[in-house]
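Here is a friendly walk through one protein model, written for someone who works at the bench. Keep the sequence and the 3D view open as you read.

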Amino acid sequence: MYETVPPVVQSLLETSTGPLGLLVVLVYSLLVATVLPFPGEVVLAVPLDLGFDPRVELGLLIVASSLGKAAGSLLALHVRDGATRSNPFVRVYGRVPAWVAERQRAFVRRVGRHGYLGLTAGLAVPLMPDTALIYAFSVVETNPVKFAVAAFVGTAFRLLAVVGLVGGLSALA
């Protein structure tokens with residue numbers, strides 16, 4: 001998982017400590033939500049070293065990452081709004097064959113059935129691609145507050161799941 005992240009980003013994540021580390025986590029998570037096809041879980045490798053209890057630092061890291069993902073989800077909604085209203089999109093979409101349009105509507109219905117709970121659950125799954133999932137849900141879900149809350153909660157659960165898995169595996173070793 002970690003090897004998919006470019007070396008310069010790995011280095012930044014591995015060396016960012018203190019408040020700068022929290023900022024790096026927030027910005028990285030925002031970018032993962034909107035444009036970067038990298039795993040969001042790598043933020044757990046950031047050595048915050050803020051001088052607090054490790055559990056407090058983990059909590060701060062999870063909050064920073066979740067806030068970044070929530071902000072990224074709002075940015076994705078904004079991108080979706082702009083793209084669907086652009087003249088090239090409207091012209092191209094008007095020329096889409098009927099069978100393609102029907103598949104797109106079926107996809108939107110399938111995603112729409114699960115709503116914000118589906119987004120939350122999808123983002124809680126470790127190694128699930130965040131960017132694609134956020135943009136898929138942005139097609140049918142437009143309430144910015146609910147969208148951001150779903151992204152925040154899903155990200156927090158994902159990171160807690162990874163921490164739990166890693167902790168459980170290291171206890172077995």
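## Overall picture

A residue is called buried when its relative accessible area is under 20%, exposed when it is over 50%, and partly exposed in between, using a 1.4 Å probe and protein chains only. By that yardstick, buried residues make up 36% of the 173 residues in the protein chain. This is a predicted model, so local features need pLDDT of at least 70, side-chain atom pairs count only at pLDDT 80 or more, and totals for chains, interfaces and linings use all residues. Residues are numbered from 1 along each chain as its sequence is written, and side-chain values use heavy atoms, with hydrogens and water left out.

The protein chain has 7 helices and 0 strands, where helices (H or I, at least four residues) and strands (E, at least two) are DSSP runs numbered from the N terminus. Along the sequence the pattern reads α-α-α-α-α-α-α. Take a contact to mean heavy atoms within 4.5 Å. Of the contacts in the protein chain with a separation of 6 or more, 74% come from residues 24 or more positions apart. The accessible surface is about 9600 Å², and 72% of it belongs to carbon and sulfur atoms; such areas come from the Shrake-Rupley method with a 1.4 Å probe, and for residues only the protein chains shown count as cover.

## The nonpolar cores

A nonpolar core is a set of buried Ala, Val, Leu, Ile, Met, Phe, Trp, Tyr and Cys residues joined through side-chain atoms within 4.5 Å. The largest one has 17 residues, and Val5, Leu13, Val25, Tyr28, Val43, Val46 and Leu61 touch the most other members. Helix 1, helix 2, helix 3 and helix 7 (144-172) each give two or more residues to this core, and helix 2 gives the most, with 4 residues. Another core, of 12 residues, lies apart from it and includes Leu77, Leu123, Leu133 and Ile134.

Leu13 sits in helix 1 (residues 7-15) and counts as buried because its relative accessibility is 0%. Its C-alpha atom is 9.1 Å from that of Leu44, although the two residues are 31 apart along the chain. Val25, leaving out residues up to four places away in sequence, touches Val43, Val46, Leu61, Ala64 and Ser65.

## Helix 2 and its neighbours

How do helix 2 and helix 6 (residues 130-138) pack? Their axes are 6 Å apart, at an angle of about 60°. Helix 2 is therefore oblique to helix 6. The contact involves Val32, Ala33 and Thr34 of helix 2 and Asp130, Thr131, Ile134 and Tyr135 of helix 6.

Leu31, also in helix 2, is partly exposed, with a relative accessible area of 33%. The C-alpha atoms of Leu31 and Gly68 are separated by 8.0 Å, with their positions 37 residues apart along the chain.

## Two residues to look at

Which lysine is buried in helix 3? Lys69 is found there, and Lys69 is buried because its relative accessible area is 1%. Leaving out residues up to four places away in sequence, Lys69 touches Ser29, Leu30, Ala33, Asp130, Ile134, Ala151 and Thr155.

Asp49 lies in the loop between helix 2 (18-34) and helix 3 (54-85). Most residues other than glycine have a negative phi. Asp49 has a positive phi of about 50° although it is not a glycine, and Asp49 is exposed, with a relative accessible area of 62%.

Terms used
Axes fitted to C-alpha atoms, helices over the stretch in contact; angles between N-to-C directions. Parallel < 35°, antiparallel > 145°, perpendicular 65-115°, else oblique.
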